[in-house]
Amino acid sequence: MQTEFRAIVQSEYGAPEKVLKIAKRQLTSGELGADDALVKVIARPIHHGDIQILSALPQEDRSSPFQKEL
């Protein structure tokens, strides 16, 4: 069995609208193991942290609430 699906791929860093592309991929039944499941995803939310990683932006400086002040 061979299944065609679409995937969002990223090959470089930058603004999401410039670096994210939709590509067609093939999945063969030999790639799935006995304990694997094939799941159809219809929608996925985008977290602001995802945008920082895509763009290679520096992370915000957030101190741990458990750090002791000196």
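This short report looks at a surface patch, one lysine and the largest pocket of the structure above. Please keep in mind that the model is predicted.

**Two exposed residues**

Let's start with two residues on neighbouring topics, the patch and the strands. The table sets them side by side.

| Residue | Element | Relative accessibility |
|---|---|---|
| Ile 8 | strand 1 (residues 2-10) | 64% |
| Lys 24 | strand 2 (residues 20-28) | 62% |

Exposed means over 50% relative accessible area, so Ile 8, at 64%, counts as exposed. Lys 24 counts as exposed as well, because its relative accessibility is 62%.

Ile 8 also has company at the surface: together with Leu 20 and Ile 22 it forms a nonpolar patch. The accessible area of these three residues adds up to about 320 Å².

**Around Lys 24**

Which residues does Lys 24 touch, leaving aside those up to four places away in sequence? They are Glu 4, Phe 5 and Arg 6. Ala 7 is worth a look too: 17 residues separate Ala 7 from Lys 24 in sequence, yet their C-alpha atoms are 6.4 Å apart in space.

**The largest pocket**

Now to the largest pocket, which has a volume of about 780 Å³. Its lining is made up of 22 residues, and those nearest the centre are Arg 6, Ala 7, Ile 8, Val 41 and Arg 44. Strand 1, strand 2 and helix 2 (48-55) are the elements that each give two or more residues to this lining. Strand 1 provides the largest share, with 8 residues. Ile 8 thus turns up twice in this report, in the nonpolar patch and among the residues nearest the pocket centre.

Definitions and conventions:
Residues are numbered from 1 along each chain as its sequence is written. This is a predicted model: local features need pLDDT of at least 70, side-chain atom pairs count only at pLDDT 80 or more; totals for chains, interfaces and linings use all residues. Side-chain values use heavy atoms; hydrogens and water are left out. Patches are made of residues with over 30% relative accessible area and no salt bridge: like charges are joined within 9 Å, nonpolar side chains (Val, Leu, Ile, Met, Phe, Trp, Tyr) within 5 Å. Accessible areas come from the Shrake-Rupley method with a 1.4 Å probe; for residues, only the protein chains shown count as cover. A salt bridge is a side-chain nitrogen of Lys or Arg within 4 Å of a carboxyl oxygen of Asp or Glu. Helices (H or I, at least four residues) and strands (E, at least two) are DSSP runs, numbered from the N terminus. Buried means under 20% relative accessible area, exposed over 50%, partly exposed in between (1.4 Å probe, protein chains only). Contact means heavy atoms within 4.5 Å. On a 1 Å grid over the protein atoms alone, a cavity is a set of points where a 1.4 Å probe fits but cannot get out, and a pocket is an open set with protein on both sides within 12 Å along at least five of seven lines; lining residues have an atom within 4 Å of a point. Grid points are joined across faces, edges and corners, and a volume is the space filled by probe spheres set on the points.
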